[in-house]
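Student: I am new to this structure and would like a close look at a single part of it. Could you take me through that part slowly, and then show me what else can be read alongside it?

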Amino acid sequence: MNRLTIASAATAAPMGAQVYQEEIAARAASSLANHGEWHVDRVIARSLRSPLPGTHRLPSGWMTNAGVRQRDLVGRALYRRSDVVHRMNLELPPGPTEVVTLHDVVAWRFDDESDPVPAAAAELRRAAAVICVSEFSAQEAIDLLGIRDPYVVPNGVSPDFLDAAPLPESVLTELGVDGRYVLIAGGAATRKNLEGLADAWPIVRAAVPDLSLVLSGPEHQRRTSLFAHQPGTHLVGRIPGEMVPGLVAAAAVVVVPSLYEGFGLPALEAMAAGTPVVAANTSSLPEVVGDAARLVEPTGAAIAEGIIDAVRNPDDAMTARARERARIFTWERSAAAHAEVWAKVAAGR
């Protein structure tokens, strides 16, 4: 029997990467059913004083910056009963025989992202397999980090978004939202291009005065300074996960103006919900949305034009294409592709 350990880090603020790890971990055992006998374990690491639930405690600050040798020793102890380790966080120590997920290379590309783990690039190059979530992120891994032959396994979209029911008006009112709105959800790092959206919004507001802008995501000074004083904007903070599909479905448009995405899950979630998407024609976004969204240059004028067109000229055919395309991206399909990689790595040990 092979033993697979899925290793991740506990977090108080789950985002897209945490959705990914939980969806894959939940399906790991069933996806391996056609690959012989497997036992699946979880390692959920947390810092020494963290109140978060987990299975192991690690000195996270020291571990992140430790040298290759020290990280190897901790990994051998942590995963000592494992045949294959799937490491889903680069901060965690490596396993002797491991698969590693690399969502993107933003830590190496952007100064305002978290610094890259010093040992990460070397560990990725020697891993038995590296999984990337898009062709774009795979090519970035090859070009920037020297990784050879990464596997491309796209993310899935939760069935909760497929034709989700819009949030009732009463709930939207409690959030301070009234009438038609454009939604942007996620972080506020430079690569998210909130500056471009901030330039676009006065143009949109002048053309469609009854349209508001809803910004969902953890509190961040950049978002607040750009939008708090703009007319018709609502900073609603982090929305509980169970409310997100309804918030997306109730929107007139979802905008994803990013300069750089490793995948772009908010665009796919909106497509599944049947909400028109305006996305930047950058990085992985064209690969994910295909011909099922309005792709624009990541400038204020172009973003505004895309939003205004989406509101004034609904495209039912595009919405139908979007729903059908979103149905391709299932977590079951993603987990099955992961299982192929795990089995191949185990066979080559």
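**A close look at Asn-193**

Tutor: Asn-193 is a buried residue, its relative accessible area being 7%, and because the cut-off for buried is under 20%, that value of 7% places Asn-193 in the buried class. Please keep in mind throughout that this is a predicted model. Along the chain, Asn-193 sits in the loop that runs between strand β8 (181-185) and helix α8 (194-207). Its backbone deserves attention as well, since the phi angle of Asn-193 is positive, near 60°, although the residue is not a glycine. As for its surroundings, once residues up to four places away in sequence are set aside, Asn-193 touches Pro-257, Ser-258, Leu-259, Pro-298 and Ile-303.

A positive phi is also found at Ser-283, another residue other than glycine, where the angle is near 50°; this serine belongs to the loop between β12 (277-280) and α12 (285-289). A glycine can be added to these, for Gly-146, which comes just after helix α6, takes a positive phi of about 75°.

That glycine leads us to the helix before it. In α6, which spans residues 135-145, the buried residues are Ser-137, Ala-138, Glu-140, Ala-141 and Leu-145. They lie on the same side of α6, because the arc they cover around the axis is only 160°. The elements against which these buried residues pack are the strands β5 (98-102), β6 (129-132) and β7 (151-152), together with the helices α4 (106-109) and α5 (120-126).

From packing we can turn to charged pairs, of which the structure offers a good many to follow, with 20 salt bridges in total. In one of them, the side chains of Arg-3 and Asp-41 meet with an N to O distance of 2.9 Å. This pair ties together distant parts of the chain, as Arg-3 lies in strand β1 (residues 2-9) and Asp-41 in strand β2 (residues 38-47), 38 residues apart. Asp-41 counts as partly exposed, with a relative accessibility of 22%.

A further salt bridge joins Glu-332 to Arg-27, with 3.0 Å between the closest N and O atoms. Here too distant parts of the chain are linked, since Glu-332 is in helix α15 (residues 331-347) and Arg-27 is in helix α1 (residues 16-31), 305 residues apart. The partners fall into separate classes of accessibility: Glu-332 is partly exposed at 47%, whereas Arg-27 is buried at 17%.

Asp-291 and Arg-321 form another such pair, their closest N and O atoms being 3.4 Å apart. Asp-291 is placed in the loop between α12 and β13 (294-296), while Arg-321 belongs to helix α14 (residues 316-328), so that 30 residues separate these distant parts of the chain. Arg-321 is partly exposed, with a relative accessible area of 32%.

Finally, salt bridges can also be joined into a network, and one such network links Arg-71, Arg-87, Glu-98 and Glu-123.

Terms used: Residues numbered from 1 in each chain as written. Predicted model: local features only at pLDDT ≥ 70, side-chain atom pairs only at ≥ 80, totals over all residues. Heavy atoms only, no water. Helix = DSSP H or I, 4+ residues; strand = E, 2+ residues; numbered from the N terminus. Buried < 20%, exposed > 50% of the residue type's maximum accessible area, 1.4 Å probe, protein only. Arc of directions from axis to C-beta. Contact = heavy atoms within 4.5 Å. Salt bridge = Lys/Arg side-chain N within 4 Å of Asp/Glu carboxyl O.
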